[in-house]
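Here is a walk through one protein model, with an eye on its side chains. Keep the structure open as you read.

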Amino acid sequence: MRFLVHMKLFANVDGPENRYALTPASKLPVRAEEKNMVLFALSQLHANEMGPWHYLIAGIEGKTTPRLPCHNGVPFYDLVGKEPEHNKLNNDAMTSHTSFVVSALVQGCAKEGVFYGVRTLVDVGGNTGVASKAITNAFPHVKCTDLDFALGKDCAQRPQSGFCGRQCLRLCASFLHSFDDDNCIKILNKCREAIPAKGGKLIIVEIVVDIDGTPEFAWSRLCMDLKKWISSGARRELRMSGETSLQKLVLGTTI
Ligand SMILES: C[S@@+](CC[C@H](N)C(=O)[O-])C[C@H]1O[C@@H](n2cnc3c(N)ncnc32)[C@H](O)[C@@H]1O
């Protein structure tokens, strides 16, 4: 127990008996906790996610992109879409993942006045719509639409509360990291076309590989970087290394 307390997985509880409590880290794998990562962890252990790790060495040697031989070149989300059991697990995991991110997103946007003057928002890759529901609840004047094939072919665009033509704001949360640079450029250019030249906004929510700036997050950032290279071949450090390279990426656009 001394070891586990040192690792911050348990905390000593004051009192005459030796009693221990869970810590924020050890609450994450407990289903009964409101915010837990059980479904996300299970999704990451699925064979479609684990398979490409067997090609890590070949990938480092430059012989292949680990995902390709494992999934026969089929894009990850096409693969998931064909397997109902994995599709459900993946969507449930994303729902849980989004609930972690969205409260910080809503607070940050409120503080910075991001939604001031914004009437419409499209959440690109918004999965089943958890983020857009939370945004509509917090900012009722914003009409949100989800664009995601997790919603099924018949409702690729599902309005949470109405949809009007050109959208003031596009949100790409944990979306670009699944694509290589060429496809990211295409997606960002489409976003640029979809928002008004004046007053339009694009919010990108991604883990940035900046290990010097905030060292306490370096481990998670490097793990995510490796994971995304393994699963999609994306070289995130080039794309996400800061505002300057992002501006270059969208070919001179100021975001
Ligand atoms: C990593 S999840 C992110 C979900 C959510 N935005 C979040 O932050 O938790 C990526 C989402 O992008 C969707 N997606 C991937 N490729 C897509 C495409 N080409 N068109 C529409 N949705 C796509 C997937 O279905 C998935 O829901």
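Start with Y77, which is partly exposed because its relative accessible area is 34%. This is a predicted model. F76 has a relative accessibility of 13%, so F76 counts as buried. Together F76 and Y77 form an aromatic pair. Their ring centres lie 5.2 Å apart, with 80° between the planes, an edge-to-face arrangement.

The count of aromatic pairs comes to 3. Another of them joins F115 and F139. Here the centres are 4.5 Å apart and the planes meet at 40°, so the pair counts as tilted, neither under 30 degrees nor over 60. This pair links distant parts of the chain, 24 residues apart. F115 sits in the loop between α8 and β3, while F139 sits in the loop between α9 and β4. Both rings are buried: F115 has a relative accessible area of 3%, and F139 has 12%.

Now turn to the core. Nonpolar side chains tend to be buried together in soluble globular proteins. In this model, the largest nonpolar core has 18 residues. F115 appears again here: F115, I135 and I203 have the most contacts inside this core. α8, α9, β6 and β7 each supply at least two of the core's residues. The largest share, 4 residues, comes from α8.

Look closer at I203. Beyond its neighbours within four places in sequence, I203 touches L105, C109, V114, L169, R170, L171 and C172. Apart from this core lies another, of 10 residues. V122, F175, C184 and C191 are among them.

One last ring remains. K35 lies over the face of F100, 5.8 Å from the ring centre.

Conventions: Residues numbered from 1 in each chain as written. Predicted model: local features only at pLDDT ≥ 70, side-chain atom pairs only at ≥ 80, totals over all residues. Heavy atoms only, no water. Core = buried A, V, L, I, M, F, W, Y, C linked by side-chain atoms within 4.5 Å. Buried < 20%, exposed > 50% of the residue type's maximum accessible area, 1.4 Å probe, protein only. Contact = heavy atoms within 4.5 Å. Phe/Tyr/Trp six-rings, centres within 6.5 Å; stacked < 30°, edge-to-face > 60°. Lys NZ or Arg CZ within 6 Å of the ring centre and 35° of its normal.
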